[in-house]
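I set out to look up aromatic pairing, burial and surface patches in this predicted model. My entries follow the display.

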Amino acid sequence: MRLNLSAQRAAWILWGSVLAVVIAGSLTPRAWVQDMGLPTSGLGDKLFHFSGYCLLAVLPALRPSSLWSKFFFAAAMLTLGIMLELTQIIVPGRALFTNQ
């Protein structure tokens, strides 16, 4: 599937926005998330988590590019996930690789 230039730009803006939300959400203390009324466990939390990472994976894959570029984005998102999990050790109310 080939996207035109304006659709590609919109996809990158969406991707960057989702990336910012995923990073901010992962590094926000649990108490703040609860104060905002967002789900911190259960189906709602898993749906947010799955949706964010799904968009981060799919949007670059739609971009017309080489297989190497797609591999780079996949590796970058894997690295981001690992780094976010490790960083959560220092965030109040978050824990490493556990049901948060």
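I looked up the exposure of Trp12 first and recorded it as partly exposed, at a relative accessible area of 30%. For Trp15, I noted a relative accessible area of 12%; this residue counts as buried because the value is under 20%.

I then asked how Trp12 and Trp15 are placed in helix 1. The two are 3 residues apart in that helix (residues 5–26), and therefore about one helical turn separates them.

I ran a search for aromatic pairs over the whole structure, and it returned 5. Trp12 and Trp15 make up one such pair, with an edge-to-face geometry: the centres lie 5.5 Å apart and the planes are at 80°. I also recorded a cluster in which ring pairs link Trp12 and Trp15 with Phe72 and Phe73.

My next entry concerns Leu80, which I located in helix 4. Is Leu80 buried or exposed? I entered Leu80 as buried, since its relative accessibility is 17%. With neighbours within four places in sequence set aside, I found Leu80 in contact with Leu19 and Ile23. I noted that Ile23 is 57 residues from Leu80 in sequence, while their C-alpha atoms are 8.8 Å apart in space.

Lastly, I turned to the surface. I found a nonpolar patch formed by Leu78, Ile82, Met83, Leu86, Ile89 and Ile90, whose accessible area together is about 610 Å². I placed Ile90 in the segment that comes after helix 4 (67–87). Ile90 has a relative accessible area of 69%, so I recorded Ile90 as exposed.

Technical notes:
Residues are numbered from 1 along each chain as its sequence is written. This is a predicted model: local features need pLDDT of at least 70, side-chain atom pairs count only at pLDDT 80 or more; totals for chains, interfaces and linings use all residues. Side-chain values use heavy atoms; hydrogens and water are left out. Patches are made of residues with over 30% relative accessible area and no salt bridge: like charges are joined within 9 Å, nonpolar side chains (Val, Leu, Ile, Met, Phe, Trp, Tyr) within 5 Å. Accessible areas come from the Shrake-Rupley method with a 1.4 Å probe; for residues, only the protein chains shown count as cover. A salt bridge is a side-chain nitrogen of Lys or Arg within 4 Å of a carboxyl oxygen of Asp or Glu. Helices (H or I, at least four residues) and strands (E, at least two) are DSSP runs, numbered from the N terminus. Buried means under 20% relative accessible area, exposed over 50%, partly exposed in between (1.4 Å probe, protein chains only). Contact means heavy atoms within 4.5 Å. Rings of Phe, Tyr and Trp (its six-membered ring) pair if their centres lie within 6.5 Å; planes under 30 degrees apart count as stacked, over 60 as edge-to-face and the rest as tilted.
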